[in-house]
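Please read the following report alongside the sequence and the three-dimensional model displayed below.

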Amino acid sequence: FTEEMIQEFLDECAAHGLPVELFGHKSNARNFVNWGFAPADDPLPMTGEMLSRACDCRMPLMWDDKDFDDMAEVLSEAIESVVAKNA
């Protein structure tokens, strides 16, 4: 996926009520580059490249199986939509 395709995917998920974040975004607290308590001594370009396209979706503890099925359907349909638009 290109950067543009990743954004399309995030937009598609949001349009269906599923907040998905770009894990490698500089504002994401879970991105290792933001860890002031455990900074990397050396640059990690391969890790950064992988995280630049990794997406993060939170899964609430109170969800039941149907909610996870719905989430999987939104994710799958968003991917299919992006791939079809960019084929």
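The sections below go from the overall layout to the core, the charged pairs, the aromatic pair, two strand residues and the pocket.

## Overall layout

The structure is a predicted model, and its chain contains three helices and two strands, which follow one another along the sequence in the pattern α-β-α-β-α. Taken along the principal axes, the C-alpha atoms fill a box of roughly 40 × 35 × 15 Å.

Of the 87 residues in the chain, 23% are buried. Among the contacts between residues at least 6 apart in sequence, 66% join residues that are at least 24 apart.

## The nonpolar core

Which residues make up the largest nonpolar core? This core has 12 residues in all, namely M5, I6, F9, L10, C13, L18, V20, C57, M71, V74, A78 and V82. Helix α1, spanning residues 3–15, and helix α3, spanning residues 65–85, each supply at least two residues of the core, and α1 gives the most to it, with five residues.

V74 is one of the core residues, and when residues up to four places away in sequence are not counted, V74 touches C13, H16 and L18. Of these contacts, C13 and L18 also belong to the core.

## Salt bridges

How many salt bridges does the structure hold? There are three salt bridges in the structure, and one of them is formed where the side chains of K85 and E12 meet, at 3.1 Å from N to O. K85 lies in helix α3 and E12 in helix α1, so this pair ties together parts that are 73 residues apart in sequence. K85 counts as exposed, at 53% relative accessibility, whereas E12 counts as buried, at 16% relative accessibility.

Another salt bridge joins the side chains of K66 and D70, at 2.6 Å from N to O; both residues lie in helix α3, four residues apart, about one turn of the helix. D70 counts as partly exposed, at 31% relative accessibility. The side chains of R53 and E49 also meet in a salt bridge, at 2.7 Å from N to O. R53 is partly exposed, with a relative accessible area of 32%, and E49 likewise counts as partly exposed, at 49% relative accessibility.

## The aromatic pair

A pair of aromatic rings is described by the distance of the centres and the angle of the planes. A search of the whole structure finds one such pair, formed by W63 and F68, with 5.2 Å from centre to centre and 70 degrees between the planes. The pair counts as edge-to-face because its angle of 70 degrees is over the cut-off of 60 degrees.

Are the two partners buried, partly exposed or exposed? W63 counts as partly exposed, at 28% relative accessibility, and F68 is partly exposed as well, with a relative accessible area of 27%.

## Two residues of strand β2

Strand β2 covers residues 55–56 and includes D56, and C55 is also found in strand β2. C55 counts as partly exposed, at 32% relative accessibility, while D56 counts as buried, at 15% relative accessibility; the latter assignment follows because buried means under 20% relative accessible area.

What does each of these residues touch? Leaving aside neighbours within four places in sequence, C55 is in contact with I6, F9, L10, V20, E21, L22 and F23. Among these contacts, I6, F9, L10 and V20 are members of the largest nonpolar core. The C-alpha atoms of C55 and E8, which are 47 residues apart along the chain, are separated by 12 Å. D56, not counting residues up to four places away in sequence, touches P19, V20, E21, F23, N28 and R30.

## The largest pocket

The largest pocket has a volume of about 210 Å³. It is lined by 14 residues, of which G17, L18, P19, R58 and W63 are the closest to its centre. Helix α3 gives the most to this lining, with four residues.

Some of the residues closest to the pocket centre have already appeared above: L18 belongs to the largest nonpolar core, P19 is among the contacts of D56, and W63 is a partner in the aromatic pair.

Key. Residues numbered from 1 in each chain as written. Predicted model: local features only at pLDDT ≥ 70, side-chain atom pairs only at ≥ 80, totals over all residues. Heavy atoms only, no water. Core = buried A, V, L, I, M, F, W, Y, C linked by side-chain atoms within 4.5 Å. Buried < 20%, exposed > 50% of the residue type's maximum accessible area, 1.4 Å probe, protein only. Contact = heavy atoms within 4.5 Å. Salt bridge = Lys/Arg side-chain N within 4 Å of Asp/Glu carboxyl O. Phe/Tyr/Trp six-rings, centres within 6.5 Å; stacked < 30°, edge-to-face > 60°. 1 Å grid on protein atoms, 1.4 Å probe; cavity = no way out; pocket = protein on both sides within 12 Å on 5 of 7 lines; lining within 4 Å. Points joined across faces, edges and corners; volume = space filled by probe spheres on them.
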